[in-house]
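Me: I would like a close look at the charged side chains of this protein and at the pairs they form. Please set them in the context of the whole chain and explain each step.

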Amino acid sequence: MAVAPVITMRPQSLFDITEHLEALLDSLDMCEDADVRAECEQEIVDVLSRQLAKFDNMAEYADHLEFQIALRKKQVQLLERANKRAAGILERIDNAILRTMDATGRQRLEGSLYSFSLRKLPPSVEVLNQAAVPAQYIRTTVSESVDKQVAKIDLLNGITVPGLRLVTDKHTVVRK
């Protein structure tokens, strides 16, 4: 028994559909026979409907992706909030254990599965009053960035700003 080869066709891209439509429209004037012209016109209608369906499918998929992005951002916020709560609870547990050890004068607390002990932390510096700290101990960081809003107003008003140019030929896609 012979097996017929399976031919898989990839979905047509919007570019392919549009290019095909333009070719059909360009060749319509060359159809002198009424039957051939009718077939060509019908194919144009079919390609137009595929193009419209492609537009709708792309917009629906874009909507889906935007929804997924918003959902993930919300999930990140919820997870960050949950982590903050858990970190607070852990800090309260550690403080309770430390207070218990301080109150009882013990260096170690033993449970049936776990034990707690004190460990000396390395020396650290606590700032009590930054204004009183000598300049040699102050670290200053400087950050620079271009104020694009102010520059844009000047550029729109015809003022030349060295190192900047007004970009007016960019586009974005608006989906409604």
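Reply: The chain carries 23 positive and 26 negative side chains. The centres of these two sets lie 20 Å apart. It should be said at the outset that this is a predicted model, and the values below are computed from it.

Of the pairs that such side chains can form, the structure holds 2 salt bridges. A salt bridge here requires a side-chain nitrogen of Lys or Arg within 4 Å of a carboxyl oxygen of Asp or Glu.

One of these pairs is formed by R37 and E41, whose side chains meet at 3.5 Å, N to O. That value satisfies the cut-off, because the limit is set at 4 Å. Where do R37 and E41 lie with respect to each other? Both belong to helix 2, which covers residues 34–104, and they are 4 residues apart, so about one helical turn separates them. Their surroundings can be described through accessibility. R37 has a relative accessibility of 28% and counts as partly exposed. E41 is also partly exposed, at 38%. The reasoning is that a residue is called buried under 20% and exposed over 50%, so values in between are termed partly exposed.

The other pair joins E110 to R108, and here the closest N and O atoms are 2.4 Å apart. How accessible is E110, buried or exposed? With a relative accessibility of 54%, E110 counts as exposed. Its partner R108, by contrast, is partly exposed, with a relative accessible area of 42%.

Two further positive side chains deserve attention, namely those of R165 and K170. R165 is placed in the segment after helix 3, a helix that spans 148–156. Its relative accessibility is 63%, and R165 is therefore counted as exposed. The C-alpha atom of R165 is separated by 7.4 Å from that of L155, although their positions lie 10 residues apart in the numbering. K170 is likewise found in the segment after helix 3. At 71% relative accessibility, K170 is exposed. K170 and T160 are also 10 residues apart in sequence, but their C-alpha atoms are 20 Å apart in space.

For contrast, consider a residue of helix 2 that is not charged. Q51 is placed in helix 2, and Q51 is buried, with a relative accessible area of 10%. Which residues does Q51 touch, leaving aside its neighbours within four places in sequence? They are L14, I17, T18 and L21.

These details may now be set within the whole chain. The chain contains 3 helices and 2 strands, and along the sequence they follow the pattern α-α-β-β-α. The radius of gyration is 35 Å, whereas a compact globule of 176 residues would have one near 16 Å. Along the principal axes, the C-alpha atoms fill a box of roughly 105 × 75 × 30 Å. Buried residues make up 9% of the 176 residues, and Q51 is one of the buried residues. The accessible surface comes to about 16,600 Å², and carbon and sulfur atoms account for 57% of that area. Finally, among contacts between residues at least 6 apart in sequence, 31% join residues at least 24 apart.

Definitions and conventions:
Residues numbered from 1 in each chain as written. Predicted model: local features only at pLDDT ≥ 70, side-chain atom pairs only at ≥ 80, totals over all residues. Heavy atoms only, no water. Rg over C-alpha atoms; globule rule 2.2 N^0.38 Å. Buried < 20%, exposed > 50% of the residue type's maximum accessible area, 1.4 Å probe, protein only. Contact = heavy atoms within 4.5 Å. Areas by Shrake-Rupley, 256 points an atom, 1.4 Å probe, with all protein chains shown as cover. Charge placed at Lys NZ, Arg CZ, Asp CG, Glu CD.
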